[in-house]
Amino acid sequence: MSKTQATFDPKPDSHVGLSLFGKIALFCYTMNVNEKKQKTLLSGVKPTGHPHIGNYFGAMKQFVELQNTHSGYFMIADYHALNFIQNAGEMRQNILDLALDYLALGLDPKTSVIFKQSDVQEHTELAWIFDTITTMPYLQRAHAYKDAQAKDKEISVGTFNYPMLMAADILLYDTDVVPVGQDQKQHVEYARDTAEKFNRIFSETFKLPEPLILADVAVVLGTDGQKMSKSYNNTIPLFAEPEEIQKAVMGIVTDSSGELPKNVFAIHKLFRPEAELKSLYEANNGKYKVLKEALIADIEAFIAPLRERRKVLAQDEKSVLKILAEGAEKAREVAREKMKVVREKIGTTL
Ligand code: ADP
Ligand code: TRP
């Protein structure tokens with residue numbers, strides 16, 4: 001067995017980031033799923049740079065936890081990323097990096113399909129078909145489009161069309177559930193609406209997917225108290241080295257007006273149960289340095305094993321490429337069958 005394979009065992013995960021209510025919600029959801037036939041889960045992340053703890057708690061943690069109870073498809077959304085990364089070397093590196101991130105977190109290629117969007121041409125084909133039944137005003141209501149417009153950015157057709165490619169990603173696999181953070185809710189709604197519209201015009205073809213968004217971690221806050229995001233320079237990278245953790249935590253903007261340093265606490269409760277933290281924070285009221293040091297220690301304890309596992313996997317690029325090739329093959333098989341049905345329905349099969 002290669003080094004890479006030896007480390008693929010999915011990590012039994014704690015639910016520290018969730019309140020009791022969140023844990024019960026995830027448990028009930030999983031039980032419900034176990035009782036029925038396996039549901040299909042699909043999600044994706046754009047290879048646009050290093051993932052952060054917001055990506056992890058908001059979405060990727062759920063990928064790992066639900067892969068054993070679902071038929072899971074985990075995609076590297078490289079064609080979505082092409083709207084942001086237009087440099088071949090960078091794109092290639094980001095794709096490999098994200099594949100390593102998925103594997104280091106515990107996604108298991110033996111039970112889940114891990115693949116790259118651009119390897120399955122049916123995604124772009126279906127996106128085109130969806131374009132033809134979608135109106136401009138409908139797409140103009142997308143948050144991402146409106147934000148870009150508000151900032152006076154020149155908007156590519158790819159950005160405008162983003163929700164239709166994402167609808168194709170989801171609907172091709174008869175997906176039941178899409179685990180994502182809050183910012184992707186509207187995109188899953190676009191997928192549902194598009195499925196309904198297609199079904200109405202061409203008869204029942206697509207399943208209506210549901211988003212899976214956990215309230216406690218729907219929007220993880222960054223070091224400046226705003227939503228953590230790759231584009232805001234306020235992240236704690238998921239595979240950070242100790243110095244990066246130190247720098248990010250020391251940079252958390254603190255607010256002395258409240259009882260607790262709010263921003264530090266908000267991040268800390270992802271790593272330790274809230275009840276435990278309350279006494280720590282009360283005992284150290286106003287001592288930001290002590291509290292930040294405690295946070296650094298907790299983040300390091302969480303990240304260190306992931307980081308080390310990722311380093312081992314990174315030594316074997318060949319295995320990663322093989323996993324992606326096998327994933328693409330499995331995804332293609334499903335997508336090909338679905339597209340046969342779609343082409344029949346629209347009348348292009350003679
Ligand atoms: P970013 O905004 O950092 O570029 P992505 O768009 O790559 O992140 O998001 C990948 C996944 O992580 C999506 O499901 C998204 O909803 C989720 N996500 C991103 N940021 C956060 C956050 N701050 N809190 C919760 N989930 C998040
Ligand atoms: N739009 C998602 C994001 O920015 C990435 C994505 C692409 C995705 N296709 C998807 C997520 C399908 C879930 C399902 O994070």
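The following exercises, each with a worked solution, concern a predicted model of a protein with two ligands.

**Exercise 1. Describe the overall make-up of the protein: its secondary structure, its buried fraction and its exposed surface.**

Solution.
- Step 1. Begin with the secondary structure, which comprises 15 helices and five strands.
- Step 2. Turn to burial. The protein has 350 residues, and 50% of them count as buried, the criterion being a relative accessible area under 20%.
- Step 3. Consider the surface. About 17000 Å² of the protein is exposed, and 54% of this comes from carbon and sulfur atoms.

**Exercise 2. Determine what share of the contacts with a separation of 6 or more joins residues 24 or more positions apart.**

Solution.
- Step 1. Take the contacts in the protein whose partners have a separation of 6 or more; residues 24 or more positions apart account for 80% of these.
- Step 2. A contact here requires heavy atoms within 4.5 Å.

**Exercise 3. Characterise the surroundings of ligand 1, from its location to its polar contacts and its covered area.**

Solution.
- Step 1. Locate the ligand: ligand 1 sits in the largest pocket.
- Step 2. List its neighbours. There are 19 residues around ligand 1, of which His52, Asp183, Val220, Met228 and Lys230 come nearest.
- Step 3. Assign the shell to secondary structure. Helix H3, residues 53–66, supplies its largest share, with four residues.
- Step 4. Examine the polar contacts to the backbone. A polar backbone atom of Val220 lies 2.7 Å from a nitrogen atom of ligand 1, and one of Met228 lies 2.9 Å from a nitrogen atom of the ligand.
- Step 5. Add the side-chain contact: an oxygen atom of ligand 1 is 3.4 Å from a polar side-chain atom of Lys227.
- Step 6. Assess the coverage. On its own, ligand 1 has 540 Å² of accessible area, and the protein covers 94% of it.

**Exercise 4. Which residues and elements surround ligand 2, and how much of its accessible area does the protein cover?**

Solution.
- Step 1. Ligand 2 sits in the largest pocket.
- Step 2. Of the 14 residues around ligand 2, the nearest are Lys46, His80, Tyr162, Asp169 and Gln184.
- Step 3. Inspect the side-chain contacts. An oxygen atom of ligand 2 lies 2.7 Å from a polar side-chain atom of Lys46. The side chain of Tyr162 places an N or O atom 2.6 Å from a nitrogen atom of ligand 2, and a polar side-chain atom of Asp169 is 2.7 Å from a nitrogen atom of the ligand.
- Step 4. The protein covers 92% of the 370 Å² of accessible area that ligand 2 has on its own.
- Step 5. Strand S1 (39–45) and helix H9 (157–171) are the elements that give two or more residues to the shell; H9 provides the largest share, four residues.

Key. Residues numbered from 1 in each chain as written. Chains lettered and ligands numbered in written order. Predicted model: local features only at pLDDT ≥ 70, side-chain atom pairs only at ≥ 80, totals over all residues. Heavy atoms only, no water. Buried < 20%, exposed > 50% of the residue type's maximum accessible area, 1.4 Å probe, protein only. Areas by Shrake-Rupley, 256 points an atom, 1.4 Å probe, with all protein chains shown as cover. Near = heavy atom within 4 Å. Polar contact = N/O pair within 3.5 Å; in protein donor to acceptor, adjacent residues only side chain to side chain. 1 Å grid on protein atoms, 1.4 Å probe; cavity = no way out; pocket = protein on both sides within 12 Å on 5 of 7 lines; lining within 4 Å. Sits in = over half its atoms within 2 Å of the grid points.
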